[in-house]
Amino acid sequence: MRPKILAPLFVPIEHFNGIGPKLSLWIKSLCGSCALDVLWHLPSGINDRPLLKTKPIIPQLGTLLVEITAHKIPRTRKLPCIISGNSALGLVEIIFFHYHPSLLAKKLAVGEKVWISGRFSTEQDIIKISHPDYMENALFKIPQHEVVYPLKAGANGKIIHKIIEQIIPTLPDLPEEIDPVILKERGWPSWQQAIKIMHFPQTQEDLRAQQSAHERLAFDELLTNQIALHLTRRYNHQKPGQALLFKNQLKLDLPFQLTSAQQKCLQEIRNDMSSNECMLRLLQGDVGSGKTIVALLAALQAIENKTQVAFLAPTDILARQHFEKIKNLCKNLPVNIGLLTSHEKGKIRQEILSNLAQGYIDLLIGTHAILEQNVVFKNLGFAIIDEQHRFGVKQRLSLANKEQGVNLLFMTATPIPRTLALTAYGDMDISILNEKPKGRQPIDTRVIPLTQVETVISHLKSLSSQVYWVCPLVEESEESDLMAAQKRYKSLQKIYGDQVGLIHGKMKADEKKEAMDKFIAGQTKILVSTTVIEVGVDVPSAGVMIVEHAERFGLASLHQLRGRVGRGQDKAICLLLHARLSETGHKRLQILRDFDDGFKIAEADLRLRGAGEILGIRQSGLPLFHLANIEKHADLLSLANNHAQQILSQDPHLTTPHGQAIKNMLYLFQKDTVINLLNAG
């Protein structure tokens, strides 16, 4: 049960004065549903509203006393309403494009002197302002310095500020969870003081002084993150696991030798599986480093021990490809393999579920559909999760709890710098595949202006290998993404006819399968696609990757896309078509051109852009922080990790008064997930 002292922080948004249904929805979409979520929505700056002393030469934020002289109300609401007035600086026009005449008559009555604040400009010697921020009869009602909040369309920062003003008087005086020595060394304020400092700075100098307050709150977040990861690690290792011994009864007849990195990682996994503790391990490897084979060999170890295996893939396409590939590799082994996605329905689905529950399926490959409650295993011993989804602590636990003692292996094809891996996977052991199979050809990566796209298209005729043509994600909209792919598909089809295929996320599973099958069989030469083919798709005959508007993709996505080619023996090429590039955009594409090592790319991207957007949540599974910035607060992360270990070594179940202070912060940042672990012992 949540401590009573925290109750004011979990008051729903709807309970605050002035927040109706419409504003409530807007605030929820912006930051969240309760008081705490609004507190974590920190200001991004300060607006100064000085009294105007001269006519503004350029648009200027300020405050001016105006005596209203006339209202010019148009006959149609399509035209603006203009309120005229006099001030110490000359004539003033206040302009409204959307207005309520009765409200204007009340707030700006003719003959009244009104303090107007907003962004003023001067045109033809008349001072003008559109839709003032404030219209008050007393100067003190207008803040001289006003905090600015990050916003979405639909409302202004005053709404956030009104809620903050109602929350601040109710802030609980929480017992301190940070070591006093650290507080003194860092010069950090208390939690309550830090919140007040962040939301009520008075000057730009105050904003600079916010650094210690922000650091303190960021440390709270990082500390609770590390404690959460340590607790989940302890929880999983305390659970009795299934000891799945390596018996070497199911042998794959592989047409190649494992790399030394694959052998090392496989041995680490086998050692974990053979122990009596639950395995929780991340297999981190670059594009094409052979993670799937390592995972399959580990899966066979589980099957040797008469337990079942679940293999979760991020997309329907990849699940089906894994199914076909693994079924072919295991064709001479007594292993029953099933496939379960949202596409399997009706009698087919019921048959799969029945066979699974009775233990007739040894290895089930699928998508999120495997996580549904009605998917029941007879004896699940091992689960492989392709970490392209964002699996947080809660999802890891729900999967592990499908059956007692499940060994978990997560895989990520996106190399993650060590500092980021610590925040996302601190509860896991990590195995790294940093070696590519022998014979892999380097990919020739070229950066080309989009103005040369017609030349690129004409050169496709001379190519013998198959081509991926990937269209961009535009404004994070599936609809826009779809339109871009269709437009390019039609333009290429005019030249190459039936040699061009199309695949995107909006297509039905049957349509995607048909398009992919035709490409794999060589019936189509060019496959126009969205990023649906980004992860794991393996077509050895594809030797050319063209990415249109490459500047709109993250480096990790580009590296993943490039990894779709160069899987055969022939030399491959990747063309990055770009529009006008900023300096940062140029550096990013240059990084991709200069490096083919995903770990080096990730480190360079971290230095260039910071952790906030380096890998993209869909690819990396990185946690979203409200306050902390991994690049900016790297030293705090290390400090938080050490402090978390010290706290839990002295008070493993957080039962002391100091432990209760820690629990408070866990509730604020981790909500109920980690508390459930503590309650479970």
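Visitor: Let me start with a strand pair. Which residue in β19 stands opposite Tyr-468?

Guide: Leu-527 does. Keep in mind that this is a predicted model. To read a strand pair, begin with one facing couple and then look at the whole ladder. Here, strand β17 (residues 466-470) and β19 run parallel and are joined by 4 bridges.

Visitor: What order do the strands of the sheet follow?

Guide: For strand order, walk across the sheet from neighbour to neighbour. The order is β16-β21-β20-β17-β19-β18, which makes an open sheet of 6 strands with parallel pairing. At the edges you find β16 (443-449) and β18, each of which pairs on one side only. Going from one strand to the next, the twist averages 20°.

Visitor: Which strands does helix α17 touch as it packs on this sheet?

Guide: Look for the strands in contact, then compare directions. Helix α17 (residues 555-562) touches β16, β17, β20 (542-548) and β21 (572-578), and its direction makes about 155° with that of β20.

Visitor: Back to the edge strand β18. Which of its residues point one way, and which the other?

Guide: Follow the side chains along the strand. In β18 (residues 500-503), Val-500 and Leu-502 point one way, while Gly-501 and Ile-503 point the other way. Both groups are buried.

Visitor: And in which sense does β18 pair with β19?

Guide: They pair in the parallel sense, over 4 bridges, with β19 covering residues 526-529. One couple to click on is Ile-503 and its bridge partner in β19, Ser-529. To get from β18 to β19 the chain passes through helix α16 (residues 509-520), and this β-α-β crossover is right-handed.

Visitor: While we're at α16, which residue forms a salt bridge with Asp-517?

Guide: For a salt bridge, check the closest N and O atoms first, then where the partners sit. Asp-517 pairs with Lys-513, with the closest N and O atoms 2.9 Å apart. Both belong to helix α16 and lie 4 residues apart, about one turn of the helix.

Visitor: Why does Asp-517 count as partly exposed?

Guide: Because its relative accessibility is 36%, and the partly exposed class falls between the 20% and 50% cut-offs. Lys-513 is partly exposed too, at 40%.

Visitor: How far apart in the chain are Arg-49 and Glu-146?

Guide: Begin with the contact itself: the side chains of Arg-49 and Glu-146 meet in a salt bridge, 2.7 Å from N to O. The two are 97 residues apart, so to speak a link between distant parts of the chain, with Arg-49 in the loop between β1 (45-48) and β2 (60-72) and Glu-146 in strand β8 (residues 145-148).

Visitor: Is that pair buried or exposed?

Guide: Take each partner in turn. Arg-49 is buried, with a relative accessible area of 4%, and Glu-146 counts as buried at 12%.

Visitor: How many salt bridges does the structure hold?

Guide: It holds 20. Some residues take part in a network, as with Glu-176, Glu-177, Arg-216 and Asp-220. Another bridge joins the side chains of Asp-594 and Arg-593, at 3.7 Å from N to O. Arg-593 is partly exposed, with a relative accessible area of 40%.

Visitor: Now a single side chain. What lies 2.8 Å from a polar atom of the side chain of His-199?

Guide: Place the residue before you list its partners. His-199 is found in helix α6 (residues 191-199) and is buried, with a relative accessible area of 0%. The backbone oxygen of Leu-39 lies 2.8 Å from that polar side-chain atom. Leaving aside its neighbours within four places in sequence, His-199 has contacts that include Val-38, His-41, Pro-43, Tyr-149 and His-161.

Visitor: Last one, on backbone angles. What is phi of Lys-306 near?

Guide: Scan for positive phi in residues other than glycine. Phi of Lys-306 is near 60°, and Lys-306 lies in the loop between α9 (291-304) and β10 (308-312). Lys-306 counts as exposed, at 71% relative accessibility. His-549 also has a positive phi, near 55°. His-549 is in the loop between β20 and α17 and counts as buried, at 15% relative accessibility.

Methods:
Residues numbered from 1 in each chain as written. Predicted model: local features only at pLDDT ≥ 70, side-chain atom pairs only at ≥ 80, totals over all residues. Heavy atoms only, no water. Buried < 20%, exposed > 50% of the residue type's maximum accessible area, 1.4 Å probe, protein only. Pairing = 2+ DSSP bridges. Right-handed = clockwise from strand over helix to strand, strands pointing away. Polar contact = N/O pair within 3.5 Å; in protein donor to acceptor, adjacent residues only side chain to side chain. Contact = heavy atoms within 4.5 Å. Salt bridge = Lys/Arg side-chain N within 4 Å of Asp/Glu carboxyl O. Axes fitted to C-alpha atoms, helices over the stretch in contact; angles between N-to-C directions.
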